[in-house]
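Grab a pencil and work through these exercises with the structure open beside you. Try each task before you read its solution.

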Amino acid sequence: MALTFAERLVTRMPNDILEDLFYGKINPWEDCPGNIEEFHGLNQKMSQLSAILEERLDKETRSLLDQYLSNRADMETLLSCDSFKTGFRLGIRIMMAVYKEP
């Protein structure tokens, strides 16, 4: 079975604790987007739009759209991971500044 993009990325960099944290191999929190009410509404709307597109598009166009959405998801994953790591590092720098003796 082929690995997903996220699995390939984590497999390539097994010693990166920030990526392990980002991809859920380390899960220090219970609150996730699935628990946010706004997320449920947006997810439901996306499902409705997907069903409409599935009906209206021919097979070739659906395939192109699937490829586009897959590539877009891969890009968003890369950007989200980078933002996560940047934010995490900034948080550590703030902690270091707080504990640094004047």
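**Exercise 1.** Work out the order of the elements along the chain.

*Solution.* Starting at the N terminus, you should read α-α-α-α. That fits the tally of four helices and zero strands, where helices (H or I, at least four residues) and strands (E, at least two) are DSSP runs numbered from the N terminus. Keep in mind that this is a predicted model: local features need pLDDT of at least 70, side-chain atom pairs count only at pLDDT 80 or more, and totals for chains, interfaces and linings use all residues. Residues are numbered from 1 along each chain as its sequence is written, and side-chain values use heavy atoms, with hydrogens and water left out.

**Exercise 2.** Compare the reach of helix 4 with its expected span.

*Solution.* Step one: helix 4 covers residues 59–99, which is 41 residues. Step two: the expected span is 1.5 Å times one less than the number of residues, giving 60 Å. Step three: from first C-alpha to last, helix 4 reaches 59 Å, close to that value.

**Exercise 3.** Find out how much of the chain is buried.

*Solution.* Buried means under 20% relative accessible area (1.4 Å probe, protein chains only). By that cut-off, 11% of the 102 residues count as buried.

**Exercise 4.** Find the share of contacts that link residues 24 or more positions apart.

*Solution.* First, contact means heavy atoms within 4.5 Å. Next, take just the contacts with a separation of 6 or more. Residues 24 or more positions apart account for 53% of these.

Methods: Buried means under 20% relative accessible area, exposed over 50%, partly exposed in between (1.4 Å probe, protein chains only).
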